[in-house]
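Thanks for coming. I'll put one structure on the screen and walk through it part by part.

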Amino acid sequence: MKTQAIVFTAPDAVAVIDTTVPEPGDNDVLIETVYSCVSPGTELRCLSGQQNGAPAFPFVPGYALCGRIRQVGANVQNVREGDAVFCTGTQRAEVNRCWGGHIGHAVVNAGVVFPVPEGVSLHTAVLTKLAAICLRGAKMSRPLPWETVAVIGLGTVGH
């Protein structure tokens, strides 16, 4: 399927490109992206070429997207066409991906999508990954009321 993606083409260079994603397999879903979330700190690190484990340029960044399922594979039972879902990004594309969230359509295994509850907007739901990162940091560090802590981060998570 033809779609568009935001791609980091080289250090400090960004483009919107036409690309394709394959048809979903038997255990996959095709999601039409409605929102993707920019994580400024992580994405600036990726854009500068300093993200550990990032693929070679060019690649599709972004680790959070929300959209609607447009097609389901033959074995998929946990979601159906039209459902609102969250995922980290496409698992399959013709271009490299660093999570792959900034893409118009995503093909992912149905087991890694999270249905968005009725009454929760996709605009709100796409931010859940940022909130989850913050919550994990607080739970792991277990700050106590009398302690002084330093939070280091360039983007929303750091704030």
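**A walk through the model**

Let's start with Val14, which counts as exposed, at 52% relative accessibility. Before going on, please keep in mind that this is a predicted model. Val14 sits in strand S2, which covers residues 13-20. Which residues share a nonpolar surface patch with Val14? They are Ile6 and Val16, and together the three have about 260 Å² of accessible area.

Now the sheet. In what order do the five strands of the open sheet run? The order is S8-S3-S5-S6-S9, and the pairing is antiparallel. The edges are taken by S8, residues 105-109, and S9, residues 114-115. Each of these has a single partner strand, so one side of each is left without a neighbour in the sheet.

We can cross the sheet one pair at a time. Strand S3, residues 28-36, pairs with S8 through five bridges, in the antiparallel sense. If you want a place to look, find Val29, which is opposite Val108 in S8. Next, S3 also pairs with strand S5, residues 65-72, this time over seven bridges and again antiparallel. Here Tyr35 is the residue to find, and Cys66 in S5 is opposite Tyr35.

Moving on, S5 pairs with S6, residues 84-87, over four antiparallel bridges. Arg68 has Ala84 in S6 as its bridge partner. The remaining pair is S6 with S9, antiparallel, with two bridges. In that pair, Val85 is bridged to Pro115 in S9.

Let's stay on S6 for a moment. In a regular strand, side chains alternate between the two faces of the sheet. On S6, Ala84 and Phe86 point one way, while Val85 and Cys87 point the other way. Are these four residues of S6 buried or exposed? All of them are buried.

Next, the salt bridges. How many does the structure hold? There are two. One joins Arg92 to Asp28, with the closest N and O atoms 3.5 Å apart. Arg92 is in the loop between S6 and strand S7, and Asp28 is in strand S3, so this pair ties together parts that are 64 residues apart in sequence. Arg92 counts as partly exposed because its relative accessibility is 32%. Asp28, at 5% relative accessibility, counts as buried.

The other salt bridge is between Glu32 and Arg70, where the closest N and O atoms are 2.7 Å apart. Glu32 belongs to strand S3 and Arg70 to strand S5, so the pair ties together parts that are 38 residues apart in sequence. Why does Glu32 count as partly exposed? Because its relative accessibility is 31%. Arg70 is partly exposed too, with a relative accessible area of 41%.

Now the helices. Helix H1 runs over residues 40-47, and its buried residues are Gly41, Thr42, Glu43, Cys46 and Leu47. What covers the buried residues of H1? The cover includes strand S1, residues 2-10, together with S2 and strand S4, residues 59-60. Recall that S2 is the strand that holds Val14. Just after H1 comes Gly49, which has a positive phi of about 85 degrees.

Helix H2 covers residues 122-125, and Ala125 is in it. Ala125 is buried, because its relative accessible area is 6% and the cut-off for buried is under 20%. Which residues does Ala125 touch, once its neighbours within four places in sequence are left aside? The contacts are Cys66, Phe86, Val116 and Val120. Two of those names came up earlier: Cys66 is the residue in S5 opposite Tyr35, and Phe86 is one of the buried residues of S6. For a distance further along the chain, take Ala125 and Gly158, which are 33 residues apart in sequence. Their C-alpha atoms are separated by 19 Å.

Last, the aromatic rings. A pair of rings is described by the distance of the centres and the angle of the planes. The structure holds three aromatic pairs. Which residues make up the aromatic cluster? Phe8, Phe57 and Phe59 form it.

If you go back to the screen later, begin with the sheet order, S8-S3-S5-S6-S9, and then look for the two salt bridges. That is the end of my part.

Key
Residues numbered from 1 in each chain as written. Predicted model: local features only at pLDDT ≥ 70, side-chain atom pairs only at ≥ 80, totals over all residues. Heavy atoms only, no water. Pairing = 2+ DSSP bridges. Phe/Tyr/Trp six-rings, centres within 6.5 Å; stacked < 30°, edge-to-face > 60°. Buried < 20%, exposed > 50% of the residue type's maximum accessible area, 1.4 Å probe, protein only. Contact = heavy atoms within 4.5 Å. Patch = residues over 30% accessible without salt bridge, like charges linked within 9 Å, V, L, I, M, F, W, Y side chains within 5 Å. Areas by Shrake-Rupley, 256 points an atom, 1.4 Å probe, with all protein chains shown as cover. Salt bridge = Lys/Arg side-chain N within 4 Å of Asp/Glu carboxyl O.
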